[in-house]
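Hi,

Here is the structure I promised to pass on to you. Please have a look at it first, and then read my notes underneath.

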Amino acid sequence: MYKQIVKEDELNLIFRNTTNEIFVADGQGICIQVNPECEKNLGIDAASLIGTNVKDLVSRGLFTNSTTLKVLEEKKPVSLIQETSIGQKLYATGIPVFAENGEISRVISTSINITEILKFQEKVQRMELMLDDYNKELASIKKTIKFNQGEIIASSHHMKRVYEMLEMITQVDSTILLLGESGVGKSEIAHWIHKRSNRSNKKLIEVNCAAIPSNLFESELFGYEPGAFSGALSSGKRGLALEADKGTLFLDEIGELSLELQSKILQFIQSKSFRKVGGNKTEKSDVRIITATNRNLEQMVNKGKFREDLYYRLSVIPIKIPPLRERKEDLIALIFLILDNLNISYDKKYTFSNTTIQSLLNHQWPGNIRELKNTIERICVTSKDEYIDLDKSSLIKYLYFNNSDYINEEIPRRSSIDNDESITNEIFSLENDMSLKDRVKWFEYEIVNRYYKKYKSTQQVAEVLKTSQSTISRKLNQVEN
Ligand SMILES: Nc1ncnc2c1ncn2[C@@H]1O[C@H](COP(=O)(O)OP(=O)(O)OP(=O)(O)O)[C@@H](O)[C@H]1O
């Protein structure tokens, strides 16, 4: 049988080279031996420790919680955590060695340095707390992300006020005027109001005043009698106002109506009655009216472009929906909502990196929610991976809307312009007094108009020119009104 003989110098070698600290004291608690690891942990050399009572070392503040003292007191093995004066944290175990007389002759303490482990543990705890905070934040975002189930995203101060107002007015029948830039969500809000009103079991009829040509507007809205005009259906037409009876009539882009049509609308709002085109019978329709515009109606009233009496009738409850750039707090919720909806529609799991979210948050979104939604959709559907990591400069190529799409000022009428060629000449002429801004607007109008002549549909032009139908209608109307 192999008999293991360990020589003393070999034991010494092990004692000196172990990475665990070894501290040996006698039965009185006087230090009699330490290894180099102990010198390292305490920041003091062996000579200053050996021969000193542990009580003195503790009272000098060299370390806290002495295993030696505890073992001497309890006469059994103990384990505890110590901290040394140089900031090391040790997990120490002390073991008593008994002499034949039953007294403790030695206390052997070994320790492992757990400073780094504790730091790591602290880091993990901090991360867990952060994760907890993120989860809470996410839960609160998810609470507001319920637009489809009937909630409006209102994390920002501005939108909270709008939301409070909306909640107050859903049950009353007052006329509402929704104001705000293109794409802020006016139509969505009109639908939201209807769904919450006591008319929700009836229809909401949406009429885009800019999309229906002026000459057809009256017959579309109020209907017509058989044979009322050439090309009319022989059965006549009921009209949208009657379709909306007991429900809601939503007149979008009300600022685009001609003065003549404005008077017809005023008459209808005042009396809730109308006559079909070609008819002489008075029809009644009980509708709640919601209107919306991205125009400055007050300014239009001052310029004589909008009837003052109609303006006052419509703005019984005016609600201004702030642009996205003024409600950054809603942006994050909208990003996640749009992404969620997209994932549902395309059965995908698109996720955005922090950089992508930050780039989206930093953009001003002149086209508001519509621009945000289109951009997110473009980013996702053109991405090879479901995990999308996009920085600010890469975001630019997904933004196809241009600020001028959202400006609603009018172009001054130039009566001298009557054909394509003279328009182009005038725009580029060095002789006239037109400002650069007006020339750009005329130029835009020209492009849109030429496409309109070709396609005869604002919807198709919008698709070709990659913008919204309302933008196209507005640009056409800027000069035609
Ligand atoms: N809170 C919302 N959550 C998700 N999508 C929204 C929200 N609000 C609006 N949208 C989306 O943004 C787009 C623009 O909204 P909407 O048509 O309601 O704007 P608008 O202010 O009526 O614009 P315009 O003046 O051009 O008619 C739509 O696609 C709509 O579905």
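Below is what I found, going from the whole chain to the ligand and then to a few single residues.

Please keep in mind that this is a predicted model. The chain holds 21 helices and 14 strands, and 31% of its 481 residues are buried. Among the contacts with a separation of 6 or more, 63% link residues that are 24 or more positions apart.

The ligand may be what you look at first. Around the ligand there are 21 residues, and Ser182, Gly185, Lys186, Ser187 and Ile369 are the closest. Two or more shell residues come from each of the helices α8 (186-196), α14 (328-346) and α16 (368-381). If you are thinking about chemistry, the shell is made up of eight nonpolar, eight polar and five charged residues. Domain 2 (147-319) and domain 3 (324-404) each give at least three residues to this shell.

Now to the cores. In soluble globular proteins, nonpolar side chains tend to be buried together. Here the largest nonpolar core has 58 residues, and those with the most contacts inside it are Leu178, Val207, Ala241, Leu249, Phe250 and Leu334. Helix α14 supplies the largest share of this core, seven residues. The core also draws on two domains, with at least three residues from each of domain 2 (147-319) and domain 3 (324-404). A second core, separate from that one, has 15 residues, including Cys38, Val54, Phe63 and Val78. As for Leu178, its contacts beyond four places in sequence are Lys186, Ile189, Ala190, Ile290, Ala292, Ile319 and Ile321. Lys186 thus turns up twice in these notes: it touches Leu178, and it is among the residues closest to the ligand.

Helix α5 (residues 67-74) makes a nice small example. Which of its residues are buried? They are Thr67, Thr68, Val71 and Leu72. These four lie on the same side of α5, because they cover an arc of only 130° around the axis. What do the buried residues of α5 pack against? Their partners are β1 (21-26), α4 (54-59), β3 (78-83), β4 (89-98) and β5 (104-113). On the face turned away from the buried side, α5 carries the exposed residues Glu73 and Glu74. Just after the helix, Lys75 takes a positive phi of about 55°.

Two other residues that are not glycine also have a positive phi, and you may want to look at their backbone:

- Lys272 has a phi of about 55° and sits in the loop between α11 (259-271) and β9 (273-275). It counts as partly exposed, because it has 15 C-beta neighbours inside 10 Å.
- Asp347 has a phi near 50° and belongs to the loop between α14 and β13 (351-352). It is exposed, because 6 other C-beta atoms lie within 10 Å.

One last residue is Gly239, in the loop between α9 (214-222) and α10 (240-243). Is Gly239 buried or exposed? It is buried, because 21 other C-beta atoms lie within 10 Å and the cut-off for buried is 20 or more. The C-alpha atoms of Gly239 and Phe222 are 4.6 Å apart, although 17 residues separate the two along the chain. Leaving out residues up to four places away in sequence, Gly239 touches Glu220, Leu221, Phe222, Gly223 and Lys276.

Have fun with it, and write back whenever you like.

Best wishes

Key
Residues numbered from 1 in each chain as written. Predicted model: local features only at pLDDT ≥ 70, side-chain atom pairs only at ≥ 80, totals over all residues. Near = placed C-beta within 6 Å. Nonpolar A, V, L, I, M, F, W, Y, C, P; charged D, E, K, R; others polar. Domains from an automatic or database assignment. Buried ≥ 20, exposed ≤ 12 C-beta atoms within 10 Å, placed from the backbone. Arc of directions from axis to C-beta. Contact = placed C-beta atoms within 7 Å. Core = buried A, V, L, I, M, F, W, Y, C linked by C-beta atoms within 7 Å.
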